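Q: Hey, can you walk me through this one? I'm new to it.

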Amino acid sequence: MQLPRLAIENHQFSLVIITLLVLTGLVSFITMPRSEDPEVNPPGTSVVIIYPGATPMDMEELIVEPIEEAVNELEDIKDIQSTSVDGLAVLSVEFIAGADAEDKYSDVVQKVNSVRPGLPVEISSIDVEKWSITDVNILELALYSDSAEYHELNDEAEQLKKAMERTPGVKKVQIWAYPEQQVRISIDLDKLAAYKISLNQIIGAIQSSNKNIPGGNLDIGARRFNVQTSGSYKTIEEIGNTVVNTGSGQLVYLKNLADVDFEYEDKEYYTLYKNKKAVIITATQKSGTNIFNVRKSLENKIIEFKKSLPAYIELGTVFDQAVSVDDRMDTFLSNLFQGLILVGLVILIAVGWRPSLIVITAIPVSIFIAIGFIDFTGYGIQQMTIAGLIIALGLLVDNAIVVIENITRYMRTGLNAMNAAVKGTSEIAWAVTSSTATTVLAFIPMIMMFNVTGDFIRSMPVTVIYTLSASLLISLMLTPYLSYKFIKKEQILKTNPVRRKMESLIESHYRKTLSYALKKPKVILLTALSVILLSIILFNFVGISFFPKAEKPQFLINVNTPDGTSLDKTAEVARFVDSTLNQYDEIENFIINIGRGNPRIYYNIMPKRRASNHAQFFIQLREFEPGPFEKLISELRAKFDNYPGAKIEVKELEQGPPFEAPVAIRILGDDLEILKSISIDVENFVKKAYGTVNIDNPLGISKTDLKISINRDKAALLRVPLIETDRTIRAAIAGLPVSKFRNEKGQEYQIVLRLPVKDKLKIEDIDKIYVTSLTGVQVPIRQLASLEFEATPQVITHYNLERSVTVTADVIRGVSVDQATQQIITELDQYNWSKGYRYQISGELESREESFGGMLQAILIAIIGIFGVLVLQFRSLSQPFIVFSAIPLAIIGSILALLITGYSFSFTAFVGFTSLIGIVINNSIILVDYTNQLRKEGKPMLEALQIAGETRFIPIILTTATTVGGLLPLTLRGGTLWAPMGWTIIGGLTVSTVLTLIIVPVLYKLYTPERSGESLNQ
């Protein structure tokens, strides 16, 4: 290869190019976006339909089924899931990986619009939402007070919202847990009866008086004037002065029949912060922005805002993602810096200070060049790109070490610096290029994983590929030039104690061991094969998992009371949880959401929509320490486990793609009663499985509705229209929106008709409800209707257009999800299933199989690609198999490392093993390549193998040591997410390195037999 010679002879040009690339990387590092996690936008869409007053059965029949049938006509659908509850349906459509998210979103919108005319006109809203991870809030604030009214809190929140919206990088600011004000028209039914006025007349009068119809324009002489009509309401007084009837020559105003005033809507969702009334303000971050810059700008706005706050209103920070990102970045960068120091120490001790400085120079230069390309590719600084840099840290110096070791070897033989740099680099250049190519090929298939998990980790292999490619460029252009310029022959001839020890190790142990192995190849291979088989058996004790817990100083508590439970009763349970949490000093703060889930603060957790039987706590700890954290979670679960009449779940945040729960059993069938019966049996199976907690069965408990059954015959005889009955009941119980009022400030309010019932409607208040007949007579509702209590399903779910129910559970720390699920599967397989009913495994197991399936395909592609490179390099079909022998040897070390450290074979361990394929064969390539060179020079096979092993011993040991050193900080301090990957690579590489120095020469001897006139091209 001529590149090293050209680089040295034209070193000015080489230095300029490298400097420009490094400067580009420096600028990118300063300006590129920073966030906690990579941006993942899976191709999926949700349709949210609100239909007040509808039962789950109504939602299913009238809304969900027509939309599902229409959407199902689209191409590339992975699955369609829907949930129908009282007044709400959510339909989720996920498309196959690789589908264009924008196009599919547009397709769903078109399909929903196509069926919209056939849906009930009373539907309040239909929203089509595109899935996006950028909808996660980066900041959650609470305005709280024990004396301020809600409208005061909201006024202040609106001011803060406007200021935050003007901040660069802020995508959306929202206000939560604020009961909207409305113009309440409290109708007196007795007065309606006296005046013989129907509810329909009042509605018509309000709507007709609140029209804003432009009058056009009128020309008078040379001028044109706009004609203004009466227009819409301007004040509350105008609403009260609406003329409802003019019978008997007397004007009847609305104020004669009702009280008109501002009131708050019924409380359906509210929050408490530090046991005080609170309103939440959240902010999301725009894609491609730096969270630290956004947070700093927001902080300035918040500081200014606090100065104007009244003394009785306070502002608190509930959640700040920037703190978490800062901690994550500090930890990762610290791991990177510590790895850099360890790598530097290894090189310094082994090769001396001048060669070590040259090798260490390759690290920042390669990293900054790679960062420039990472930025151009569209990725920012987040945990995956930094993890990629750490993985690459130990690998990127391998090329420089091998090159500089070969250069110094030629210097020791007497060549001058220039010739030694050129010859030493050129001789090893193709082997270095080949080994880099095989490592890169091991990572490329990860980029081709087109699913949510693949999208999540993609920036990591991209980072490794860019960094290794940059390191190859540096080792062939910059390293030989620096070696020629700065390494002195007299210094090379002086060996340091570590090198002398390694050389002594070669002479005293390795030479004899290799000689014995070459004499007894079959014994060595049988021993190695036995160890490989034993390690595969031991794999059963390692276990399999997917993604671990998130290890953050935060967690959630979900309070779920039986469906149909009032908000007050749910709040009572929440107060018990509140009093328990206040006993723990390690808790910094927490916020209570009653009637809804906390706004979204984690990428794979979607908050529950409004429900009177749900409350959620978001808890922030002072710090995260694994031991105390686990103890706290266990204590809280024990205290909440047997609370009567409610399920209180302590939920830890988890890594990985979103799924229902670690354990999820989906049951499919048509009849709801049979589904309910089966789900209760399955729930018992889940309870019996060891380690399961937070078990949830949506059909476990039926809810009870109060049904008002209208006697149609009586209604017809009394000339009461059914629509009048329904409208009156709605006005009495929930209020009936009839129009909108906009004040002088432009603020808009619903105008709602309501019976004058104080606080909440009681069952005896129904006796006070009257409906108006066509003759104007007021008829008591109890004369037309009977009250019945009726058991109904609290939720109806569909999976791919078929009714289903999913029983879910979490598992405690230390318990394998795989083991718990297998126990349940054993029970399910023995269960007597009704005809037409079946189960599917969902949750972590389903998600893991999808992700691991993609990884298995990735490994096969990597192996085929690597094999092709090796065939091209060695021009042989047998020698690539010799090189591949390092892979099963690496399996031994990986399994032993995971077994000893107690980690299971998780997804990141799988990623580590895929990376390992490309890493471990580098040592084999160097051995086989140099053996081939020696044989071309006329050396006999055994002598060539002996010389190649001894010559490449030190470079192989050094490259392994630097890789281990680079990964060690991440492995020891990276938590349960990165430790399995680190130990997989470290264990596999260490064992493979030791055994490769013996096994590869043995296989070479067996499968490349020496014969007269042999050709290495065969």
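A: Sure, one term to start with: helices (H or I, at least four residues) and strands (E, at least two) are DSSP runs, numbered from the N terminus. Residues are numbered from 1 along each chain as its sequence is written, and side-chain values use heavy atoms, with hydrogens and water left out. This is a predicted model, where local features need pLDDT of at least 70, side-chain atom pairs count only at pLDDT 80 or more, and totals for chains, interfaces and linings use all residues.

Q: Ok, so where does Glu61 lie?

A: Glu61 lies in helix 3, which covers residues 56-71.

Q: Is Glu61 buried or exposed?

A: Exposed, since the relative accessible area of Glu61 is 56%. Buried means under 20% relative accessible area, exposed over 50%, and partly exposed in between (1.4 Å probe, protein chains only).

Q: Which residues form the negative surface patch?

A: Asp58, Glu61, Glu65 and Glu69 form it. Patches are made of residues with over 30% relative accessible area and no salt bridge, joining like charges within 9 Å and nonpolar side chains (Val, Leu, Ile, Met, Phe, Trp, Tyr) within 5 Å. A salt bridge is a side-chain nitrogen of Lys or Arg within 4 Å of a carboxyl oxygen of Asp or Glu.

Q: And which residues form the nonpolar patch on the surface?

A: Phe337, Ile341, Leu342, Leu345, Leu348, Ile349, Trp353, Leu357 and Val498, with about 800 Å² of accessible area together. Those areas come from the Shrake-Rupley method with a 1.4 Å probe.

Q: Which helix gives the most to that patch?

A: Helix 10, with six residues. Helix 10 (321-351) and helix 11 (353-377) each supply at least two. Phe337 lies in helix 10 and counts as exposed, at 52% relative accessibility.

Q: Switching topic: how many aromatic pairs are there in the whole structure?

A: A search finds 24. One of them is edge-to-face: Phe555 and Phe629, at 6.1 Å centre to centre with 80 degrees between the planes. Rings of Phe, Tyr and Trp (its six-membered ring) pair if their centres lie within 6.5 Å; planes under 30 degrees apart count as stacked, over 60 as edge-to-face and the rest as tilted.

Q: What parts of the chain does the Phe555 and Phe629 pair link?

A: Distant ones, 74 residues apart: Phe555 is in strand 16 (residues 554-560) and Phe629 is in helix 20 (residues 626-640). Phe555 is buried at 0% relative accessibility, and Phe629 is buried as well, at 4%.

Q: Why is the pair of Phe590 and Phe617 tilted?

A: Because the planes of Phe590 and Phe617 are at 40 degrees, with the ring centres 6.1 Å apart. Phe590 lies in strand 17 (residues 587-594) and Phe617 in strand 18 (residues 614-621), so the pair ties together parts 27 residues apart in sequence. Phe590 is buried at 12% relative accessibility, and Phe617 is buried at 0%.

Q: Last thing, what's up with the phi of Asn800?

A: Asn800 has a positive phi of about 50 degrees although it is not a glycine. Most residues other than glycine have a negative phi. Asn800 is in the loop between strand 28 (796-799) and strand 29 (802-811), and at 37% relative accessibility Asn800 counts as partly exposed.

Q: And Lys274, where is that found?

A: In the loop between strand 13 (270-273) and strand 14 (276-285). Lys274 has a positive phi too, of about 55 degrees.

Notes:
Lys and Arg count as positive and Asp and Glu as negative; His and the chain ends are not counted. The place of a charge is taken as NZ of Lys, CZ of Arg, CG of Asp or CD of Glu.
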